[in-house]
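Got your viewer ready? Here is a short tour of charged pairs and of a chain-to-chain interface, with a suggestion at each stop for what to select next.

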Amino acid sequence: MKEIWAVAVDAGDAAQSLAAKAVELCAGSSCRVVLVHPCVENSWPQGVTGIYHIPLDAELIPNYEKAAKMISALARSHRPNAILFSANAFGRAVAPWVAAAMKTGITADCTEVRMGEEGRLIQKRPTFGGRRIATIQTKTEPCIVTVRSGVFPKPQTLVCDVRAEKIRLGDTESSVQLLERIINFEPFRSLAEEDVILAGGLGLGSRENFQRLAALAERIGVGVGASRGAVAAGYAPYAAQIGQTGVTVRPRIYVAFGISGQVQHLSGMSGAGSIIAINTDPNAPITKVSDYVLKEDCVKILQLLEQQMSSQGS
Amino acid sequence: MEITVLVKMVAKVSYDVVWDEKSQDRLSGDQKVINPADANALEAALRIRDAAGGSVTVVSMGPPAAESILRECLARGADRAVHLCDTCLAGADTLATARALSAAVQKNGMPQLILCGRRAIDSETGHIGAQMAAMLGVPCIPNAIEITFSEGLGLTVSALSEHETQRLRVDRPVVVTVCNFINHPHQPTISGMRAAKKKLFCRTTAEELGLPPEVCGGNGSPTVVRAVEQGAFPQRRARYLAGDEESIQFLCDLLTGKGRTP
């Protein structure tokens, strides 16, 4: 490979591990970070040879198309062999747009990417809800991949003076106009590095109860995550979603509050050290991968935990 | 407003599907249904049509069996159906699928609004909306949780980003992918099923859409599936705890680092 790009929307853990993966894959040749963020961040893993800085806020949906057009234009002129995206809301929207614009192949939600023969990436992704693992190769270039957060290790050291080239915003006219930002959730801590995670599912029954779980997690200083069901019901943001279409986590302790354990969820958390399931259904799929099962209403247990923590003054 | 809804036929319980080595097909021996989020997209389309006028066309690419889900869409209230059915389309990856669907969608003039589910429950890529938007040269709004249309304001969409819900005004034409909690789809009624028999059902081929064989199906797909293996989760034997004080204390100690990891 002559050149690999990692597209980042910040300089957080997921972005750094993606950049480190790109460095590893390009094995000494050129590796660039395409940073889509209002401000430039110059600290990246050793081996990143440069930054293309696109000064746009990746949180804003109207910017998806603008960023996709700019990344496609950059890729047409610099011809990278592969472009890696994190499988966050931005990456999931922009990567397929870029792939279609460049008439090239794309693989979603990869959990493994490595170099194969003839310089073609070997991409593995779970499919059919994690029941199967497909191995995929791409015949065209650039090979475009979205990578599930949390599957690659965080780099140990960063160098702080990676040279950035600011990309001039092209045609900023958009046919999508932002009317209102309804900020739902505080920015979430990156779940991938958490030692202990409390995760909530539909069994919590309401967004208020999820927020109680989040408050409890905050209080004891641990992470909070959610099942796809809880995200779909509007209890929690995408950033909190654990599983096939969210983040992969491997905490030391994972406590599932009212999560039945669809295979999609299990594929993102079954590698945890100890798994404790709180569920009224003793035969829910999650119990098959759990070390402890508390057969109780998770809201009741949440309340008891809140009381216990208060009385202990922690 | 002219609205096109893309629907995919999927196996009812996607993770019970058996990968068929011989046909390299994912749909062997299971009940076929409309991909759940696509049913939500159809429901959203029907509500906009009923409020603002126009018509709803459903389009599906798939084997002959996919006719049944298109018929069901007609029974639910869609006005016409287009079935893109051609053996040369088999084995298409998302790029080749989006290319074929884009050709089908544009065949009788560009619709104002193209809707589909945010992802299919079988392959779970979520690519098609954005790929078609790029090919058709229109914007794509992913993860919609509300779509409204009024003469004054036009089309407004509330959609989820990573941390937010954003309300957007969009010019048409546009592709919108919907979350499955945007609405509760109505089931077909008896009168709906009766009416469906008289509605236009059009079956079309790649050739009729002007798609040469080299851009269709496996030939037109830049990604190749090299292997499919069994995925497995480490099974554990759970200890069952009672919901008593002792268990709560155990949990508390564990979470605050006082207890030992089991």
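**Stop 1: a salt bridge between two loops**

Start by selecting D195(A), which is partly exposed at a relative accessible area of 40%. Keep in mind as you look around that this is a predicted model. Now add R252(A): its side chain meets that of D195(A) in a salt bridge, at 2.9 Å from N to O. R252(A) is partly exposed too, with a relative accessible area of 33%.

Which parts of chain A does this pair tie together? D195(A) sits in the loop between β13 (176–183) and β14 (196–200), and R252(A) in the loop between α5 (228–232) and β16 (253–257), so the salt bridge links parts that are 57 residues apart in sequence.

Next, select D57(A), R181(A) and E164(B) together: salt bridges that share partners join them into one network. Over all chains, the structure holds 24 salt bridges.

**Stop 2: pairs within helices**

Move to helix α1 (residues 13–26) of chain A and pick K21(A) and E24(A), which are three residues apart and so separated by about one helical turn. They form a salt bridge whose closest N and O atoms are 3.3 Å apart. Is K21(A) buried or exposed? Its relative accessibility is 11%, so K21(A) counts as buried.

Then go to helix α2 (residues 62–78) of chain A, where E65(A) and K69(A) are four residues apart, again about one helical turn. Their salt bridge has its closest N and O atoms 3.3 Å apart. E65(A) is buried, with a relative accessible area of 14%, whereas K69(A) is partly exposed at 46%.

**Stop 3: where chain B meets chain A**

Color by chain and select the interface: 80 residues of chain B are in contact with 99 residues of chain A. The area buried between the two chains is about 7,900 Å², with carbon and sulfur atoms giving 57% of it.

How many salt bridges are there between chain B and chain A? The count is five. To view a salt bridge across the chains, select K124(A) and E229(B), whose side chains meet at 3.1 Å, N to O. The interface also has 36 residue pairs in polar contact, both residues being at pLDDT 80 or more. On the chain B side, the residues touching chain A comprise 37 nonpolar, 26 polar and 17 charged.

For the last selection, show strand β18 (residues 292–294) of chain A with strand β15 (residues 239–241) of chain B: the strands run parallel and three bridges join them. Within this pairing, L294(A) stands opposite L241(B).

Key:
Residues are numbered from 1 along each chain as its sequence is written. Chains are lettered from A and ligands numbered from 1 in the order in which they are written. This is a predicted model: local features need pLDDT of at least 70, side-chain atom pairs count only at pLDDT 80 or more; totals for chains, interfaces and linings use all residues. Side-chain values use heavy atoms; hydrogens and water are left out. A salt bridge is a side-chain nitrogen of Lys or Arg within 4 Å of a carboxyl oxygen of Asp or Glu. Helices (H or I, at least four residues) and strands (E, at least two) are DSSP runs, numbered from the N terminus. Buried means under 20% relative accessible area, exposed over 50%, partly exposed in between (1.4 Å probe, protein chains only). Contact means heavy atoms within 4.5 Å. Buried area is the accessible area (1.4 Å probe) that two parts lose on being put together, summed over both. A polar contact is a pair of N or O atoms within 3.5 Å; within protein, one must be able to donate a hydrogen and the other to accept it, and residues adjacent in sequence count only if both atoms are side-chain atoms. Ala, Val, Leu, Ile, Met, Phe, Trp, Tyr, Cys and Pro count as nonpolar, Asp, Glu, Lys and Arg as charged, and the others, Gly among them, as polar. Two strands pair if DSSP finds at least two bridges between them.
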